Amino acid sequence: MSKNSREAAKSAESAILRMAPAELQRLGLCLESKKKLTNIWIFFFRYETMGLAVMTGGFGLLSNNYYIIERSYHMIYSKEVEEMCTVAQGVHHGCAPIPEEAKWVQAKEVKDISGLTHGVGWCAPQQGACKLTLNVKEGIIQEALVETIGCSGMTHSAAMASEILPGLTVMEALNTDLVCDAINTAMRELFLQIVYGRTQSAFSEDGLPVGAGLEDLGKGLRSQVGTMYGTLKKGPRYLEMAEGYVTGIALDENDEIIGYKFVSLGKMTDFIKKGDDPNTAYEKACGQYGRVDDAAKIIDPRCE
């Protein structure tokens, strides 16, 4: 603590202690009592508001060369409540326990919350959506998976949210701007899931390890996305399946879909990174589903 800071604090303390009752009254305060605890003065004030006497305590502390007065408010009771007689509380056994990582826990504080769960959110125009996965240990977010769809800007918001979330408590995360309304809404829905004990790890002993969130993505670490399109005039088109990018739709003699061909872009990229040329990597990453071999014709869903 610098010499200037100590002098500033001492000056502020002296200023309050030297205030005459008239000066305090002008500020709407009445100095009820004062007490010195170690090197910090604690002041108790009373002021009138709406005809009710309110007690407030304040203490001075030094932080970053600033002298800060913090105030804490005592409970305010109306005259009617003050005049009531006291009736003892009867049956009350605390909050209902919730399942957390194979234990039944009476969650009273943020640190009592643990588990891995999901939340899905949307923005006001519902143009895009977010699936949020968090792995929380003793109230602290250890792992975050942010998946978005439908909005290009939302992907950049997800990038920032993935940096913001780890290390926060679930309460902090609930009250933090996660850049995109869809992600904020997903956080709200996830919060409701986790504080009510509806988690994937509710009955898993010691919960799920950090890294379990990646299991939602599969081997290629790509989000499970389905993209389909259809019109009354021309019928359906499969564009993206869980297996990958759809390259062809298999049709029978009645022009009904009986299967599809696809390429896994994640696998293809991995093959190229390992040294395969693009054509070889493409062929190795291709696959098919359904009765493709029985098709009367195969069409490109994006061009035909």
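Leaving aside its neighbours within four places in sequence, which residues is Thr169 in contact with?

**View 1. Thr169 and the residues around it.** This is a predicted model, so keep that in mind for every view here. Set aside the neighbours within four places in sequence, and Thr169 is in contact with Val110, Gly139, Ile140 and Ile141. You'll find Thr169 in the loop between α4 and α5. Is Thr169 buried or exposed? Thr169 counts as buried because its relative accessible area is 18%, and the cut-off for buried is under 20%.

**View 2. The whole chain, before we zoom in again.** Count along the chain and you get 8 helices and 15 strands. There are 304 residues in the chain, and 31% of them are buried. Now take the contacts between residues at least 6 apart in sequence: 44% of these join residues at least 24 apart. As for the outside, the accessible surface comes to about 19800 Å², and carbon and sulfur atoms account for 54% of that.

**View 3. The largest nonpolar core.** This core has 25 residues, and the ones with the most contacts inside it are Leu132, Leu134, Val146, Leu165, Ile183 and Met187. Which elements give two or more residues to this core? They are the strands β8 (129-137) and β9 (140-149), plus the helices α4 (152-164), α5 (170-174) and α6 (181-195). Helix α6 gives the most, with 7 residues.

**View 4. Met187 and its contacts, then a second core.** Not counting residues up to four places away in sequence, Met187 touches Leu132, Leu134, Leu165, Val170, Ala173, Leu174 and Leu178. Move to the second core, which is separate and has 7 residues, with Met241, Val246, Leu251 and Phe262 among them.

**View 5. The largest pocket.** About 490 Å³ of space lies in here. The lining has 24 residues, and the closest to the pocket's centre are Gly220, Arg222, Glu243, Ser264 and Lys267. Three elements give two or more residues to the lining: β11 (235-241), α7 (265-273) and α8 (278-285). The largest share comes from α7, which supplies 5 residues. What kinds of residues make up the lining? They split into 9 nonpolar, 7 polar and 8 charged.

**View 6. Glu205 and Glu101, two residues in contact.** Glu205 sits in the loop between α6 and β10 (227-231). Glu205 is exposed, because its relative accessible area is 67% and the cut-off for exposed is over 50%. Leaving aside neighbours within four places in sequence, Glu205 is in contact with Glu101 and Ala102. Glu205 and Lys103 are 102 residues apart along the chain, yet their C-alpha atoms are separated by 7.7 Å. Glu101 belongs to the loop between β5 (98-100) and β6 (103-105). Glu101 is buried, with a relative accessible area of 8%.

**View 7. Two backbone angles to look out for.** Most residues other than glycine have a negative phi. Glu101 has a positive value instead, with phi near 50°. Asp255 also has a positive value, with phi near 60°. Look for Asp255 in the loop between β12 (244-251) and β13 (257-263). Why is Asp255 called partly exposed? Its relative accessible area is 48%, and partly exposed covers the range between the 20% and 50% cut-offs, so that is where Asp255 falls.

Conventions:
Residues numbered from 1 in each chain as written. Predicted model: local features only at pLDDT ≥ 70, side-chain atom pairs only at ≥ 80, totals over all residues. Heavy atoms only, no water. Core = buried A, V, L, I, M, F, W, Y, C linked by side-chain atoms within 4.5 Å. Buried < 20%, exposed > 50% of the residue type's maximum accessible area, 1.4 Å probe, protein only. Helix = DSSP H or I, 4+ residues; strand = E, 2+ residues; numbered from the N terminus. Contact = heavy atoms within 4.5 Å. 1 Å grid on protein atoms, 1.4 Å probe; cavity = no way out; pocket = protein on both sides within 12 Å on 5 of 7 lines; lining within 4 Å. Points joined across faces, edges and corners; volume = space filled by probe spheres on them. Nonpolar A, V, L, I, M, F, W, Y, C, P; charged D, E, K, R; others polar. Areas by Shrake-Rupley, 256 points an atom, 1.4 Å probe, with all protein chains shown as cover.
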